[in-house]
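Biologist: Hi, do you have a moment to go through this fold with me? I'd like to hear what you can read from the coordinates.

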Amino acid sequence: MSVVLNLEKILNDTKSYNPRIIAVTKYYGIEKMIEAFNAGLRDFAESKAVESVEKINKIDDTTKSQSIYHFIGHLQTNKVKYVVGNFEYIHSVDSLKLAQCIDLEANKKGIKQKILIQVNNALEPQKFGVAPCELENLISEIYQLKSLDLVGLMNIAPLIDDEAQLHKLFKNMRELKEKFNLSELSMGMSHDYKIALEEGATMIRLGRILFENN
């Protein structure tokens, strides 16, 4: 199926929630990004700092200038300079050290960088993100950094079929968002976005279900 047809189905499934649909293009070429743009999408997510900036710079001027870019991968402090200013949102802030590096680079560039804190509320050892018990302290520290705009939380749920567990984890994320009075909740991917929406996601990150035959 084409991106247009896949998107039509996704829009039908999500119309009662009206989320921000972010096309995850990290595994796909520029042609797919342009196809998604022509289908009406404007939000695109990448996960590799240097490679993704090179990719974005190869896109035609119209698509590039009218698109919004989201960085969703683990960001090393030595790659911050490539991401700040090239991506409107950084979803994967997972430490005070990283936040401070982003703040410093944003200050140098004279911008206010929008960020989300990545929360590992399933406490999976192989995944990045702060534990919920660390969140309040990190948020208070980030609010002291003048070149950051903390807009929300991000979560990558476990790849499991247990819908009850997914509901529980996503509900917990919504409760954290509300506790700290944040506006955005980035959670839900191709396999679990419907559950994420039921539990309050405002941003869903879709790759396979958007770009491949399903």
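Biologist: Let's start with Ile 204: buried or exposed?

Modeller: Happy to help, and keep in mind that this is a predicted model. Ile 204 is buried, because its relative accessibility is 0%.

Biologist: Where does Ile 204 lie?

Modeller: Ile 204 is part of strand β8, which runs over residues 203-206.

Biologist: And what does Ile 204 touch, leaving out residues up to four places away in sequence?

Modeller: Its contacts include Thr 14, Pro 19, Arg 20, Ile 21 and Ile 22. Met 187, Gly 188, Tyr 193 and Leu 197 also touch Ile 204.

Biologist: How far is Ile 204 from Ser 186 in space?

Modeller: Their C-alpha atoms are 5.9 Å apart, while 18 residues separate Ile 204 and Ser 186 in sequence.

Biologist: Then tell me about Ser 186: which strand holds it, and is it buried or exposed?

Modeller: Ser 186 sits in strand β7, residues 184-186. Ser 186 counts as buried because it has 0% relative accessibility. Beyond four places in sequence, Ser 186 touches His 91, Leu 116, Leu 153, Met 154, Asn 155, Met 203 and Arg 205.

Biologist: On to helices. Which residues of α7 are buried?

Modeller: In α7, residues 132-142, the buried ones include Leu 135, Leu 138, Ile 139 and Ile 142. Seen down the axis of α7, the buried residues fall within an arc of 105 degrees, so they line one face of the helix.

Biologist: What covers the buried residues of α7?

Modeller: The cover includes strands β4 (89-93), β5 (113-118) and β6 (148-154), along with helices α6 (96-109) and α8 (163-179).

Biologist: And which exposed residues are on the face of α7 turned away from its buried side?

Modeller: That face carries Cys 133 and Asn 137. Cys 133 has a relative accessible area of 73%, so it counts as exposed.

Biologist: Since we've hit a cysteine, how many disulfides are there?

Modeller: The structure has zero disulfides. Another cysteine, Cys 101, is partly exposed because its relative accessibility is 25%.

Biologist: What about α2, which residues are buried there?

Modeller: Met 33, Ala 36 and Phe 37 are buried in α2, residues 30-39. They cover an arc of only 105 degrees around the axis, which puts them on the same side of α2. Glu 31 and Asn 38 are exposed on the face turned away from that buried side. Among the elements covering the buried residues of α2 are α1, β2 (43-46) and α3 (49-57).

Biologist: What follows α2?

Modeller: Gly 40 does, with a positive phi near 120 degrees.

Biologist: Which residue in the loop between α1 and β1 has a positive phi without being a glycine?

Modeller: Asn 18, at about 50 degrees. Asn 18 is in the loop between α1 (3-14) and β1 (20-24). Asn 181 also has a positive phi, near 55 degrees, and lies in the loop between α8 and β7.

Biologist: Why ask about those at all?

Modeller: Because most residues other than glycine have a negative phi. As for accessibility, Asn 18 is exposed at 67%, and Asn 181 is exposed at 69%.

Biologist: Last topic, pockets. How much space lies in the largest pocket?

Modeller: About 440 Å³. Its lining has 19 residues, and Val 24, Lys 26, Tyr 27, Ile 156 and Met 189 lie nearest the centre.

Biologist: What classes make up the lining of the largest pocket?

Modeller: There are 10 nonpolar, five polar and four charged residues in the lining.

Definitions and conventions
Residues numbered from 1 in each chain as written. Predicted model: local features only at pLDDT ≥ 70, side-chain atom pairs only at ≥ 80, totals over all residues. Heavy atoms only, no water. Helix = DSSP H or I, 4+ residues; strand = E, 2+ residues; numbered from the N terminus. Buried < 20%, exposed > 50% of the residue type's maximum accessible area, 1.4 Å probe, protein only. Contact = heavy atoms within 4.5 Å. 1 Å grid on protein atoms, 1.4 Å probe; cavity = no way out; pocket = protein on both sides within 12 Å on 5 of 7 lines; lining within 4 Å. Points joined across faces, edges and corners; volume = space filled by probe spheres on them. Nonpolar A, V, L, I, M, F, W, Y, C, P; charged D, E, K, R; others polar. Arc of directions from axis to C-beta. Disulfide = S-S within 2.5 Å.
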